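Welcome! Here is a short briefing to read alongside the sequence and the 3D view. Please take a look at both before going on.

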Amino acid sequence: MKITIIGGGSWGLALSKVLSDNSHQVLVYDVNKKIVNKINKLHICLQLNEDIPKDIKATTDIEKAINYSDTLLFVVPTKVLRLAISDTVKYLKSPKLFVNAAKGIEPDTFLRISEIFAEMIPSKYLKGFVSLSGPSHAEEVIKGLTTAITASSEKEADAVFIQDLFHNTQFFRVYTSTDLKGAEMGGALKNIFALASGLIAGKGLGDNARAALITRGLVEMKKFYEIYGADTKSLMGLTGIGDLIVTCTSPHSRNFQAGYKIGHGKDLEETLNSMTMVVEGIRTCEAAYKFAKTKNLDMPIISAIYEVLFNKMDSDEATKMLLGRSSKAE
Ligand SMILES: NC(=O)c1ccc[n+]([C@@H]2O[C@H](COP(=O)([O-])OP(=O)(O)OC[C@H]3O[C@@H](n4cnc5c(N)ncnc54)[C@H](O)[C@@H]3O)[C@@H](O)[C@H]2O)c1
C-alpha cells in the first residue's frame with residue numbers, strides 16, 4: 001500500500017518506519033526543508049537523530065503528497081493542525097481515509113481532533129477517520145521496541161484497515177476500537193497529568209504522590225469521558241490507562257520533562273524555550289480547564305496545573321491547595 005504522512009517529526013517518522021518494515025510505500029510531507037533533506041539524503045530523523053529506512057521518501061510539495069495515496073496520516077502538533085488541514089483541502093480531488101496520531105483538544109472550541117477534520121474536510125472527500133493512539137514513545141518505536149496501540153474509528157472496517165497496515169508480529173501490536181471519543185479524550189487528557197507527574201518528580205515528592213496522581217487523574221478523565229459521551233471502559237485500555245501510565249512515568253515524555261523543569265523552579269516560558277519539541281499538555285490543560293468551568297465539573301488536579309501554568313502559582317502552593325481540600329470518600 002501507499003501511505004502519505006503529513007509531518008516528518010519524531011512520531012511521523014517512527015510510524016513511517018513501522019509501515020516501511022511492513023513493506024508499505026511511504027511519502028512524508030513536511031513544511032521544514034531541513035527535515036525533508038535529512039530524510040531524503042541522510043535517511044535520518046532529525047528530532048531523534050535515528051536512522052530510518054532508505055525507502056522512506058519525503059517532500060515539501062503538498063500537492064504531490066496528497067495525490068500520492070488514498071490514506072493520509074496526520075502527525076503534526078495540534079496547534080498547527082488546522083493549518084495543515086486547510087493546506088490539504090486545496091489539493092483534494094478524491095475521497096481519502098484520514099488518520100490522526102496527534103493528541104489534543106482545541107482550547108477555544110473544545111473540539112476533538114476528528115471533529116476538527118469533520119468541520120474542515122468537505123464530506124465528499126472524507127471517506128473515513130481513524131485515530132491511532134496508545135502508549136507509544138517515538139524514541140522506542142523507531143528502535144523497534146515492543147509496543148501496542150489502538151486504531152479507533154466509528155467505522156470498524158476503517159479501524160481494521162489501519163490495524164492491518166501497522167500490525168507487525170515482531171514488535172508492533174495494533175488493536176481496534178469503535179470508541180473514537182474515548183481514544184481521543186484519553187490521548188489528549190493524559191498529557192496534563194504527565195505535566196503534573198513531571199512536576200512531582202522535579203520536586204522530589206516521591207512515588208506515592210505519583211501513584212496518587214495517576215489514580216486521581218483517572219477519576220478526572222472519567223468525568224470528561226462521561227460528559228463527552230465516550231465509553232468509560234476505554235479508560236481500562238491502551239488509549240486510557242496505558243497511555244496515562246507511560247506518559248506519567250517515562251522520561252521520554254516531553255510533557256513529563258516540561259513538568260520536571262517547572263518543578264525544579266523554571267517558569268513556563270523558560271521551560272518551553274529550552275525544549276525543541278511539542279508539549280501538547282499545556283494547550284490541552286487550557287482547553288480542559290475552560291471546558292470543566294463551563295460544565296461546573298470539579299477537576300482539582302487540572303485546576304492546580306492550570307494555576308501553575310497560566311497564573312504563575314508556585315508549585316508548592318498548588319500542592320498545598322490539593323492537599324488542603326476537604327476530606328471525602330474515595
Ligand atoms: N513523539 C512521540 O513519541 C509521540 C507519540 C504519540 C503521539 N505523538 C503526537 O504526535 C504529534 C506530533 O508529535 P511529534 O513528536 O512528531 O512532534 P515533532 O515536533 O517531533 O514533529 C512535528 C513535525 O511537524 C512538522 N510540521 C509543522 N507544521 C506542519 C504543517 N503545517 N504541515 C506539515 N508538517 C508540519 C514539523 O516541521 C515537524 O517536523 C503530537 O500531537 C504528539 O502529541 C507523539
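By class, how many nonpolar, polar and charged residues does the shell around the ligand have? The shell has 15 nonpolar, eight polar and four charged residues. Here Ala, Val, Leu, Ile, Met, Phe, Trp, Tyr, Cys and Pro count as nonpolar, Asp, Glu, Lys and Arg as charged, and the others, Gly among them, as polar.

This is a predicted model, where local features need pLDDT of at least 70, side-chain atom pairs count only at pLDDT 80 or more, and totals for chains, interfaces and linings use all residues. Residues are numbered from 1 along each chain as its sequence is written, and side-chain values use heavy atoms, with hydrogens and water left out.

**Around the ligand**
- The ligand is surrounded by 27 residues (each with a heavy atom within 4 Å of it), and the closest are S10, D30, A138, R254 and E280.

**Polar contacts** (pairs of N or O atoms within 3.5 Å)
- The side chain of S10 has an N or O atom 2.8 Å from an oxygen atom of the ligand.
- For R254, a polar side-chain atom is 2.8 Å from an oxygen atom of the ligand.
- K103 takes part through its backbone, with a polar atom 3.1 Å from a ligand oxygen atom.
- Taken alone, the ligand exposes 830 Å², and the protein buries 90% of that (areas by the Shrake-Rupley method with a 1.4 Å probe).

**Two domains**
- The domain assignment, automatic or from a database, gives domain 1 (2-178) and domain 2 (181-323).
- Both domains give residues to the shell around the ligand, so the ligand lies between them.
- Taken over C-alpha atoms, the centres of domain 1 and domain 2 are 25 Å apart.
- Contact (heavy atoms within 4.5 Å) links 29 residues of domain 1 with 30 residues of domain 2.

Terms used: Polar contact = N/O pair within 3.5 Å; in protein donor to acceptor, adjacent residues only side chain to side chain.
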